Amino acid sequence: MLSPRLHNLLDAGHTPYTTLTHPRTVTAHETASAVRVEPNHFAKTVMIKTDGRLAMVVMPAAYRADLYRLSLALGGVPVELAEETEFRGAFPDCEPGAMPPFGHLYGMPVYIDSRLAHQDEIAFNAGNHTEVVRMPYTEFERLAAPEMLWLAHMM
């Protein structure tokens with residue numbers, strides 16, 4: 001079942017989306033494979049800390065978070081990966097590691113890798129390890145209001 005907060009947001013926003021059910025997976029790469037979405041097109045949520053505050057970075061499952069590039073893209077602030085123990089409590093309606101990429105639902109900013117923004121659709125975890133939401137990227141952008149990061153263009 002979708003995260004209740006995500007379900008309410010999608011329904012209240014009259015957003016077209018589909019839910020894809022799959023066998024339990026742990027990594028974004030496994031999830032993308034299970035739902036037959038290319039890893040370059042599957043959005044994973046990476047939890048970071050900037051100045052001690054939690055934030056989400058939404059990026060293609062095919063890539064690893066580059067903390068140096070993230071720091072540059074965020075204006076030079078220190079960036080570190082958040083430990084699961086630091087963010088587990090922030091997502092009471094989600095399984096650990098399966099948070100949907102809507103930071104405002106959980107009181108935190110959300111940044112998106114520009115490599116996902118040029119796609120027609122976006123697919124991401126639905127709050128658990130057995131369901132994925134697929135929706136038009138423009139609808140995701142409208143509801144999530146993410147800040148765009150141009151990570152692929154940074155040297």
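Biologist: Which residues does Phe 124 touch, not counting residues up to four places away in sequence?
Modeller: Happy to start there, and bear in mind that this is a predicted model. Contact here means heavy atoms within 4.5 Å. With residues up to four places away in sequence set aside, Phe 124 touches Leu 6, Phe 42, Ala 43, Pro 100, Pro 101, Phe 102, Glu 131, Val 132, Val 133, Met 135 and Phe 140.

Biologist: Which residues of the largest nonpolar core touch the most other members?
Modeller: That core has 31 residues. Phe 124 is one of those that touch the most other members. The full set is Met 47, Phe 91, Phe 102, Phe 124, Met 135 and Phe 140.

Biologist: And which element gives the largest share of this core?
Modeller: Several elements give two or more residues to the core, among them α1 (4-12), β2 (42-50), β6 (121-125) and β7 (131-136). Helix α6 (137-144) is also on that list. The largest share, four residues, comes from α6.

Biologist: How many residues are in the second, separate core?
Modeller: Good one to ask while we are on cores. Val 46, Leu 74, Leu 149 and Leu 151 are included in this separate set. Its size is eleven residues.

Biologist: What pattern does the protein chain follow when read along the sequence?
Modeller: There are six helices and eight strands to place in order. Read along the sequence, they give α-β-α-β-β-α-β-α-β-α-β-β-α-β.

Biologist: Why does the protein chain count as being as compact as a globular protein of that length?
Modeller: We compare two values for the 155 residues. The globule rule gives 15 Å, and the radius of gyration of the protein chain is close to that, so the chain is as compact as a globular protein of that length. The radius of gyration itself is 14 Å.

Biologist: What share of contacts with a separation of 6 or more joins residues 24 or more positions apart?
Modeller: Val 35 offers a nice local view first: leaving aside neighbours within four places in sequence, it is in contact with Leu 20, His 22, Val 132 and Arg 134. The C-alpha atoms of Val 35 and Thr 130 are 95 residues apart along the chain and separated by 9.9 Å. For the protein chain, residues 24 or more positions apart account for 65% of the contacts with a separation of 6 or more.

Biologist: Is Val 35 buried or exposed?
Modeller: Val 35 sits in the loop between α2 (28-34) and β2. Buried means under 20% relative accessible area. At 10% relative accessibility, Val 35 therefore counts as buried.

Biologist: Is Ser 114 buried or exposed, then?
Modeller: Ser 114 has its place in helix α5. Its C-alpha atom is separated by 9.5 Å from that of Pro 60, 54 residues apart along the chain. With 2% relative accessibility, Ser 114 counts as buried.

Biologist: What is phi of Asp 51?
Modeller: Most residues other than glycine have a negative phi. Asp 51 has a positive value and is found in the loop between β2 and β3. Asp 51 counts as exposed, because its relative accessibility is 61%. Its phi is near 50 degrees.

Biologist: Last one: where does Ala 145 lie?
Modeller: Ala 145 also has a positive phi, about 45 degrees, although it is not a glycine. At 59% relative accessibility, Ala 145 counts as exposed. Its place is the loop between α6 and β8 (147-149).

Notes
Residues numbered from 1 in each chain as written. Predicted model: local features only at pLDDT ≥ 70, side-chain atom pairs only at ≥ 80, totals over all residues. Heavy atoms only, no water. Rg over C-alpha atoms; globule rule 2.2 N^0.38 Å. Core = buried A, V, L, I, M, F, W, Y, C linked by side-chain atoms within 4.5 Å. Buried < 20%, exposed > 50% of the residue type's maximum accessible area, 1.4 Å probe, protein only.
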